[in-house]
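The following exercises treat one protein chain from its surface to its interior. Each task is followed by a solution in steps.

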Amino acid sequence: VGFSWGGGLACWLLAEHTSWHGPTLLLAPTLQLMASAARRAIPTFQACADPSEGGLPLVHIFHATDDECFCPRSQHRDLTTTGAAMHTCDDVHVFADARSELAILRAFTSCVDEARRRKRIFPRV
């Protein structure tokens, strides 16, 4: 789970393909601001599992409608191309509305379930 700046960092980890590639929940990732500050392009990554494993999204990304300062709409478009499950909440950057919290809880549960499933299929050696 990565929120705000942590969500942006998680995007870079996903793009590296070496540090992290498991189920991921990104909450208002400030990716565009981070890329601008680092003078780098927004990282790209593939957010879906291998089609042979069902092809389900391994990454859920939440944005708030009232968060243009931290997460501009152009960032939403960039992240949509990753294949992630995109969620937009009628809320602010910190997701204070109970409906947002419920949607986030559902996505978190999905990530945990997928992590457990993968552990059974691919146990650590």
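**Exercise 1. A salt bridge and its surroundings**

Does Glu 68 count as buried, partly exposed or exposed, and what is its relative accessibility?

Solution. The structure is a predicted model, in which local features need pLDDT of at least 70, side-chain atom pairs count only at pLDDT 80 or more, and totals for chains, interfaces and linings use all residues. Residues are numbered from 1 along each chain as its sequence is written, and side-chain values use heavy atoms, with hydrogens and water left out.

Step 1. Apply the classes: buried means under 20% relative accessible area, exposed means over 50%, and partly exposed lies in between (1.4 Å probe, protein chains only).
Step 2. Glu 68 has a relative accessibility of 40%, so this residue counts as partly exposed.
Step 3. Glu 68 is the salt-bridge partner of Arg 73, and their closest N and O atoms lie 2.9 Å apart. A salt bridge here is a side-chain nitrogen of Lys or Arg within 4 Å of a carboxyl oxygen of Asp or Glu.

**Exercise 2. The remaining salt bridges**

State how many salt bridges the rule yields, and describe the pairs formed by Asp 97 and Arg 117.

Solution.
Step 1. The count is three salt bridges.
Step 2. Asp 97 pairs with Arg 99 at a closest N to O separation of 3.0 Å. Asp 97 is partly exposed at 23%, whereas Arg 99 is exposed at 62%.
Step 3. Arg 117 pairs with Glu 114, with closest N and O atoms 2.8 Å apart. These two residues are three apart in helix H4, so about one helical turn separates them.
Step 4. Within this pair, Arg 117 is partly exposed at 23% relative accessibility, while Glu 114 is buried at 11%.

**Exercise 3. Overall arrangement**

Determine how many helices and strands the protein chain contains and in what pattern they follow one another.

Solution.
Step 1. Helices (H or I, at least four residues) and strands (E, at least two) are DSSP runs, numbered from the N terminus.
Step 2. The protein chain holds four helices and four strands, and its pattern along the sequence is β-α-β-α-β-α-β-α.
Step 3. Of the 125 residues in the protein chain, 41% are buried.
Step 4. A contact means heavy atoms within 4.5 Å. Among contacts between residues at least 6 apart in sequence, 68% join residues at least 24 apart.

**Exercise 4. The nonpolar cores**

Identify which residues of the largest nonpolar core touch the most other members.

Solution.
Step 1. A nonpolar core is a set of buried Ala, Val, Leu, Ile, Met, Phe, Trp, Tyr and Cys residues joined through side-chain atoms within 4.5 Å.
Step 2. The largest core has 15 residues, and those touching the most other members are Cys 11, Leu 26, Phe 45, Val 59, Ile 61 and Leu 79.
Step 3. Helix H1 (5-16), helix H2 (31-38) and strand E3 (59-66) each give two or more residues to this core. H1 supplies the largest share, five residues.
Step 4. Another core, of 11 residues, lies apart from the largest one and includes Leu 27, Phe 62, Cys 71 and Cys 111.

**Exercise 5. Cysteines**

Why does Cys 11 form no bond with the closest cysteine sulfur?

Solution.
Step 1. A disulfide is a pair of cysteine sulfur atoms within 2.5 Å.
Step 2. The closest cysteine sulfur to that of Cys 11 belongs to Cys 71 and is 9.7 Å away, which is too far for a bond.
Step 3. The count for the structure is zero disulfides. Cys 11 is buried at 0% relative accessible area, and Cys 89 is buried at 8%.

**Exercise 6. Two loop residues in contact**

Locate Thr 30 and Ser 4, and decide whether each is buried or exposed.

Solution.
Step 1. Thr 30 lies in the loop between strand E2 (24-27) and H2, and Ser 4 lies in the loop between strand E1 (2-3) and H1.
Step 2. Thr 30 is buried at 3% relative accessible area, and Ser 4 is buried at 15%.
Step 3. Leaving aside residues up to four places away in sequence, Thr 30 touches several residues, among them Ser 4, Phe 70, Cys 71 and His 93. On the same basis, the contacts of Ser 4 include Leu 27, Thr 30 and His 93.
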